[in-house]
Amino acid sequence: MGANTSQVSDLSDNPNLKTLVGTEAISENDPFWNQLISFTFISPTSSGDSKALEEAVIPLAKLLIENNPRTGNFGALVRIFLGRTKELKISTECQDQLFIWQAHNALFMIRCLLKVFIREMSEEELQLQFSYQERAPGTCGDAGREDLLEELLSNLVHLIVEVPLLDITYSVLFEAVTTLLVLFSYQLFQKDILRDGLIYQHIMKGRCLSLTSRLVKTLLYNFIRQEKCPPPTHIFEPQAEGGGLLYGLASGVASGLWSVLTLGGAGSKSGIDQEHNPLPLSNQSLLLLLVLANLTDGPDWPNPYRQAITCFRNTQDTSSLTMEQPHTFQINFNSLYTALCEQQRSDQATLLLYTLLHQNANMRTYMLSRTDMDNLVLPILEILYHVEERNSHHVYMALIILLILTEDDSFNRSIHEVVLKNISWYSERSLTEISLGSLLILVVIRTIQFNMTRTRDKYLHTNCLAALANMSAQFRCLHQYAAQRIISLFALLSKKHNKVLEQATQSLRGRQGDNTALPDYAQDLNVIEEVIRMMLEIINSCLCNSLHHNPNLVYALLYKRELFEQFRTHPSFQDIMQNLDTVIGFFSQRLEQAGSDLSVERVQEVIMKGAQALPKDRLKKFPELKFKYVEEDEPEDFFIPYVWSLVFNSGVGLHWSPHGIELFSMDSG
């Protein structure tokens, strides 16, 4: 890097970089530093460019690791950056773009070097790299032994929360967020969850602690604002004819420089990647927020970032703050809700939605009170509908969000009142008009059927059925197709039950006197019978609570009544079958009395009248079906690898070689 560098292939031969990593110590007052951080370089956003940059930086960083104990040049670079950032707020107010540009460049270099350092050494060794200073003759070894690592961390947090997001600051703010992510990346190279460490201590208990709520709020607002990379016209415009000092200094590098500040944006070769991820600051801020929120609690202190996420409130909330909640703040819930609705195609936005629904009671209450819940629910249903294309973690998160929402009775009622037209992504059948509730049922049933034929994941089954069970008492005016699919799923389960039963019987007959181990058909049968029982309870719950609202379900039940015959005398289902028998018998009798060769319309008319006439006391009461989502013990074992797989796969301008990644297997991301 340095004034003339413009591409990755130049890095290894660049004289300024050779000087930085070489054997000579450079005084912080040397003009060299100004030259070093006034470079032109297209900051990569694509994984290919990021990989090329990483490969070019590694040999330079290794040289610096070798020479830095004698030169202290890395610490000097960090102090040069810290010196620039002290003036950043004033520079922003004065539109002093040169200062901001140089601060960005210095930080970009620090971040690239740190990324290699972290892979090569422990945290203790890293702290030593920060502490080395030039060993001048006659100087005391302990002179100025400030903790430069903590100083950098604290400075980055201050920068993120204090420097306003403008076109001229976009790039340096992005770099600050990215550098914090890099500093936490020790976790990638450890199989076990990290529960302590120098960086962990600094961010949880050090000078950063007082900025917890401001950092969480700023990262959330970065996500909410969804700011695109600013256009290239906003940087280094001539102040007047012939420029002036600022333009004179920068004119030679302006065209390439703005490619750094737009992160592969307008006019650069990386324009395709820009389209793929046009919101680098928003994306990176969300990833950092998820990393912070999922840090483990200390032995005697809770994670302050999770506390902040758990208790923040709406700006419209005028009630007095309770003193027991540390790190609380207020944010515009309407803006956050809108951003969450718009961004659900990414894993990280779905994970944020899950985190807020599960952990922040204020946000959950607000979401459930919205009259436009379809804006939130439809993207979640689309994730589940395209289950084949999504990773299993994204599907789980979407499903758990539905489960949490269905714990609320008002949600279960209101979704049947929202009528949708022409759901373009639902391709099995043209749905010109359907309620949100019926669509939800269709998608969940489709997920169960996919799981039965492909993944056979009991956890997925359980959560799908729990969501349907929570809704069942509130089913209203089910769409004809939704009612058919409920019964079709039961038919599929019934067929599977019979097949396993037959396999078990044949296996027993064929192995008379054979002592070899039998396949565990009993366990398979047990699982299928549990699911069948649950489906019968869901149908029963609807019939007991809202039969007169669901003529289409009664119609589908009568049409396929022979399916239920075999379960009438089965000891596992006898009790629950009583009500279905009563309903089938009652309506069958009514249809017989109405005559033969009835049209579909006439059958529906008989069902509608019969539903009003069926005495409610004829149906046996069962306990209400209610399931509540409970996070597993030690949830960090799931969430921390998941969050870091998102950083690994989605971090803008970050590339890690898969070799040496210990936290998760490469196919789990």
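**Exercise 1. Classify the burial of Glu54 and Lys115, and characterise the interaction between their side chains.**

Solution. Glu54 and Lys115 are both buried, where buried means under 20% relative accessible area, exposed means over 50%, and partly exposed lies in between (1.4 Å probe, protein chains only). The structure is a predicted model, in which local features need pLDDT of at least 70, side-chain atom pairs count only at pLDDT 80 or more, and totals for chains, interfaces and linings use all residues. Residues are numbered from 1 along each chain as its sequence is written, and side-chain values use heavy atoms, with hydrogens and water left out.

Next, apply the salt-bridge criterion: a side-chain nitrogen of Lys or Arg within 4 Å of a carboxyl oxygen of Asp or Glu. The side chains of Glu54 and Lys115 satisfy it, at 2.8 Å from N to O. Finally, locate the partners: Glu54 belongs to helix α3 (residues 47–71) and Lys115 to helix α6, so that distant parts of the chain, 61 residues apart, are linked. Helices here are DSSP runs (H or I, at least four residues), as are strands (E, at least two), numbered from the N terminus.

**Exercise 2. Determine how many salt bridges the model contains, and describe the exposure of the partners in two further pairs.**

Solution. The count is 21 salt bridges.

- Step 1: Arg306 pairs with Asp297, with the closest N and O atoms 3.2 Å apart. Arg306 is partly exposed, at a relative accessible area of 21%, and Asp297 is likewise partly exposed, at 41%.
- Step 2: Lys628 and Glu407 form a salt bridge at 3.4 Å, N to O. Lys628 lies in the loop between α29 (600–613) and α30 (636–650), whereas Glu407 lies in the loop between α21 (392–406) and α22 (409–414), 221 residues apart. Lys628 is exposed, with a relative accessible area of 65%; Glu407 is partly exposed, with 24%.
- Step 3: Glu388, Glu428 and Arg446 are joined into one network by salt bridges that share partners.

**Exercise 3. Identify the buried residues of helix α17 (residues 333–342) and the elements they pack against.**

Solution. The buried positions of α17 are Phe333, Leu336, Tyr337, Ala339, Leu340 and Cys341. Their packing partners include α11 (212–225), β1 (313–314), β2 (330–331) and α18 (347–359); contact requires heavy atoms within 4.5 Å. At the N-terminal end, Asn332 caps α17, with a side-chain oxygen 3.0 Å from the backbone nitrogen of Asn334.

**Exercise 4. State which residues have the most contacts inside the largest nonpolar core.**

Solution. A nonpolar core is a set of buried Ala, Val, Leu, Ile, Met, Phe, Trp, Tyr and Cys residues joined through side-chain atoms within 4.5 Å. The largest such core has 224 residues, and Leu439 and Phe564 have the most contacts inside it. Helix α6 (residues 97–120) supplies the largest share of this core, 13 residues. Beyond its neighbours within four places in sequence, Leu439 touches residues including Leu378, Leu420, Trp425 and Tyr426.

**Exercise 5. Establish where the confidence is lowest and where it is highest among the helices α12 and α18.**

Solution. The score is pLDDT, the predictor's confidence in each residue, from 0 to 100. The chain averages 85, and 86% of the residues score at least 70. Confidence is lowest in α12 (residues 245–250), at a mean of 33, and highest in α18, at 97. Over residues 233–275 the pLDDT is below 50, although the model gives this stretch 66 contacts beyond near neighbours in sequence. Where pLDDT is low, the predicted coordinates should not be read in detail.

Technical notes
A polar contact is a pair of N or O atoms within 3.5 Å; within protein, one must be able to donate a hydrogen and the other to accept it, and residues adjacent in sequence count only if both atoms are side-chain atoms.
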